[in-house]
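This briefing walks through a single protein chain, moving from its overall layout to individual side chains. Please keep the sequence and the coordinates at hand while reading.

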Amino acid sequence: MNQPTHQQIATYLTNYALSELVKYVMEDTGCTIEEAMERVYNSPLMPALQDEENELYVQSPAYLYELMNLPQMQCGGTEIQ
């Protein structure tokens with residue numbers, strides 16, 4: 001049985017974190033999936049999450065969500081407090 005490579009593990013964990021972040025945004029803000037994806041993928045966290053050298057992808061999605069500080073972001077023109 002072949003073991004997954006470091007790259008495969010990093011990709012899997014990054015994708016998992018991104019899907020969870022989108023869910024969190026949708027739940028907390030009422031955004032559509034498209035709006036939530038836009039917020040996550042355009043956030044300052046995204047480049048850091050994709051940089052495999054810093055291994056941010058090993059952190060929990062809840063921790064990453066806190067780093068994004070999304071409750072202060074706007075969604076649909078209404079500020080979320």
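What follows is a short overview and then bullet points grouped by topic.

The structure is a predicted model, and its chain contains four helices and two strands, which follow one another along the sequence in the pattern α-α-α-α-β-β. Of the 81 residues in the chain, 31% are buried, and the chain exposes about 5500 Å², with carbon and sulfur atoms supplying 51% of that area. Among contacts between residues at least 6 apart in sequence, 55% join residues that are at least 24 apart.

**The nonpolar core**

- The largest nonpolar core has 17 residues, and the members that touch the most other members are L21, V25, V40, L45 and L64.
- Two or more residues of this core come from each of helix 1, helix 2, helix 3 (45–50) and helix 4, and helix 1 makes the largest contribution, with six residues.
- Once residues up to four places away in sequence are set aside, L45 touches L21, L56, L64, L67 and M68; two of these partners, L21 and L64, are themselves listed with L45 among the core members that touch the most others.

**The aromatic pair**

- One aromatic pair is found in the structure, and it is formed by Y24 and Y65, whose ring centres are 5.3 Å apart and whose planes meet at 65 degrees, so the pair is classed as edge-to-face, the cut-off for that class being over 60 degrees.
- Because Y24 belongs to helix 1 and Y65 to helix 4 (residues 61–68), the pair ties together parts of the chain that are 41 residues apart in sequence.
- The two tyrosines fall into separate accessibility classes: Y24 is partly exposed, at 23% relative accessibility, whereas Y65 is buried, with a relative accessible area of 6%.

**The salt bridge**

- A search of the whole structure gives one salt bridge, which joins E20 and K23 with their closest N and O atoms 3.0 Å apart.
- Both residues lie in helix 1 (residues 6–29), and because they are three residues apart there, about one helical turn separates E20 from K23.
- The acidic partner, E20, counts as buried at 13% relative accessibility, while the basic partner, K23, counts as partly exposed at 42%.

**The nonpolar surface patch**

- On the surface, M26, I33, M37 and Y41 form a nonpolar patch that together has about 320 Å² of accessible area.
- Helix 2 (residues 33–41) supplies the largest share of this patch, namely three residues.
- One of the patch members, I33, lies in helix 2 and is partly exposed, with a relative accessible area of 41%; I33 therefore clears the requirement of over 30% that applies to patch residues.

**Helix 1 and its contacts with distant residues**

- T14, a residue of helix 1, counts as buried at 11% relative accessibility, and when its neighbours within four places in sequence are left aside, T14 is in contact with L49 and Y57.
- N15 is also found in helix 1, but N15 counts as partly exposed, at 46% relative accessibility.
- Although N15 and Y57 are 42 residues apart in sequence, their C-alpha atoms are 8.9 Å apart in space; Y57 is thus a residue to inspect together with both T14 and N15, given its contact with T14.

**A backbone feature in the loop between helix 3 and helix 4**

- E55 has a positive phi of about 55 degrees although this residue is not a glycine.
- The loop between helix 3 and helix 4 contains E55, and at 37% relative accessibility E55 counts as partly exposed, because that value lies between the limits of 20% for buried and 50% for exposed residues.

Note on methods
Residues numbered from 1 in each chain as written. Predicted model: local features only at pLDDT ≥ 70, side-chain atom pairs only at ≥ 80, totals over all residues. Heavy atoms only, no water. Patch = residues over 30% accessible without salt bridge, like charges linked within 9 Å, V, L, I, M, F, W, Y side chains within 5 Å. Areas by Shrake-Rupley, 256 points an atom, 1.4 Å probe, with all protein chains shown as cover. Salt bridge = Lys/Arg side-chain N within 4 Å of Asp/Glu carboxyl O. Buried < 20%, exposed > 50% of the residue type's maximum accessible area, 1.4 Å probe, protein only. Contact = heavy atoms within 4.5 Å. Phe/Tyr/Trp six-rings, centres within 6.5 Å; stacked < 30°, edge-to-face > 60°. Core = buried A, V, L, I, M, F, W, Y, C linked by side-chain atoms within 4.5 Å.
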